[in-house]
Amino acid sequence: MSAPLLEVVDLVKLYTLARPGWFAPHPTRRAVDGVGFVIAAGRSFGVVGESGSGKSTLARAIMALDRPTSGAVRLEGRSLYDLPRKELRAMRAHIQMIFQDPYGSLDPRQRIARIVAEPLSNLAHVARAERSARVEEALRAVGLGAADALKYPHEFSGGQRQRIAIARALITRPKLVVADEPVSALDVSVQAQVLNLMSDLQREAGVTYLVISHDLAVVGHICDEIAVMFRGGFVETGPSATLLTRPAHPYTRELVDAAPKLEEAPVSRPEAPPRPDAATGCAYAARCLFAQARCLGEAPALRVLGEARRVACHFPIGG
């Protein structure tokens, strides 16, 4: 079997917090806690979780924008954090990112041609004629015309700006595109257009995506496999169809129940009895309807459940 395109191994990111007192030690917070996964070329992997779960920190570590405390990120078997600076800069051409805000991620002072062509600076020997051809090709791939290259960002709608951001991510023909909340700032109707565009590009150009989102419907639309993240760690991973229809972890079930569904009334969930946060037990125990004494004293490991699914729960639903 060939090596995966992306391999994340036991990634940990600690942040040092302010001291509570003059002589007290600095406390730390684990933003990412031992996360690991692989993505094969041409496939898509989604990471979903609420705000503060560590998703964006994970994305920055994978992009080599923020060095992790420990662990490894490998692209085609090469560790990004062991590369010299010059080689890492060249490697960035193969990893591109789509940011959340289509308004803040484009420089309003630059024409679209220059914005889209910017990642080509990481590639050597790109002549001006080839650069222009690449810009036109990338814009056409996302449904825009060559004439749009001469315009400024303010002349486009939010959905069109996100298409421009996708064109910028694709211009180097990257092996991996990291999309951090790519549609959360857009109207629902525009979200569907952008997600369909991303799916079409994956099917036609073989683009590999890592999609970060708080919305299960978004990652379910575009991703082959999903990981659910809570307080820095994965609590469940598995194929999208299985995870969305038969969640095994109570937190995954909470996210599925919270997702709006047409022609269905919202699911009313009883509240869990108040419990203190477990210092040594399961991070989700304080919110879990099914928590037992073992959950409060012993943290569950991510273990295999059935075929191609893993769950960090002592008492998985249906298990």
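This is a short working chat about the predicted model shown above.

User: Start with the sheet. What's the strand order?

Analyst: The order is β6-β7-β8-β3-β9-β10-β12-β11. That makes an open sheet of eight strands, with mixed pairing.

User: Which strands are at the edges?

Analyst: β6 (95-98) and β11 (303-304). Each of them pairs on one side only.

User: And β3 with β8, parallel or antiparallel?

Analyst: Parallel, over five bridges. β3 covers residues 44-48 and β8 covers residues 209-213. In register terms, V47 stands opposite I212 in β8.

User: Which helix packs against β9 and β10?

Analyst: Helix α9, residues 250-258. It touches β9 (225-230) and β10 (233-239). Its direction makes about 105° with that of β9.

User: What does α5 lie across?

Analyst: β6 and β7 (176-180). α5 runs at about 175° to β6.

User: Back to the edge strand β11. Is V304 buried or exposed?

Analyst: V304, found in strand β11, is exposed, because its relative accessibility is 60% and the cut-off is over 50%.

User: What does V304 touch, beyond its neighbours within four places in sequence?

Analyst: R309 and R310.

User: How far is V304 from G238?

Analyst: Their C-alpha atoms are separated by 9.8 Å. Along the chain the two are 66 residues apart.

User: Switching to helices. What end-to-end distance does α4 have, and what should it span?

Analyst: Its end C-alpha atoms are 20 Å apart. The 14 residues of α4 (residues 128-141) should span 20 Å at 1.5 Å a residue, so the two agree.

User: Which residues of α4 are buried?

Analyst: R134, V135, A138 and L139. Down the axis of α4, the buried residues fall within an arc of 130°, so they line one face of the helix.

User: What covers that side?

Analyst: The cover for the buried residues of α4 includes α3 (112-117) and α5 (158-170).

User: Which exposed residues sit on the face turned away?

Analyst: A129 and R140 are carried on the face turned away from the buried side of α4.

User: What follows α4?

Analyst: G143, with a positive phi near 85°.

User: Which residues other than glycine have positive phi?

Analyst: Two to look at are A64 and E181. A64 has a phi of about 60°. For E181, phi is near 50°.

User: Where are they?

Analyst: A64 lies in the loop between α1 (55-62) and β4 (70-75). E181 is in the loop between β7 and α6 (188-205).

User: Buried or exposed?

Analyst: A64 is buried, with a relative accessible area of 12%. E181 counts as buried too, at 10% relative accessibility. Both get that label because the cut-off is under 20%.

User: Last topic, cysteines. How many disulfides?

Analyst: The count comes to zero. C295, for example, is in no disulfide. The nearest cysteine sulfur to it is that of C282, 6.2 Å away. A disulfide needs the sulfur atoms within 2.5 Å.

User: Is C295 buried or exposed?

Analyst: C295 is buried, at 8% relative accessibility.

User: And C223, buried or exposed?

Analyst: C223 is buried as well, with a relative accessible area of 6%.

Methods
Residues are numbered from 1 along each chain as its sequence is written. This is a predicted model: local features need pLDDT of at least 70, side-chain atom pairs count only at pLDDT 80 or more; totals for chains, interfaces and linings use all residues. Side-chain values use heavy atoms; hydrogens and water are left out. Buried means under 20% relative accessible area, exposed over 50%, partly exposed in between (1.4 Å probe, protein chains only). Helices (H or I, at least four residues) and strands (E, at least two) are DSSP runs, numbered from the N terminus. The expected span of a helix is 1.5 Å times one less than its number of residues. The arc is that of the directions from the helix axis to the C-beta atoms. Contact means heavy atoms within 4.5 Å. Two strands pair if DSSP finds at least two bridges between them. Axes are lines fitted to C-alpha atoms, for helices over the stretch in contact, and angles run from 0 to 180 degrees between N-to-C directions.
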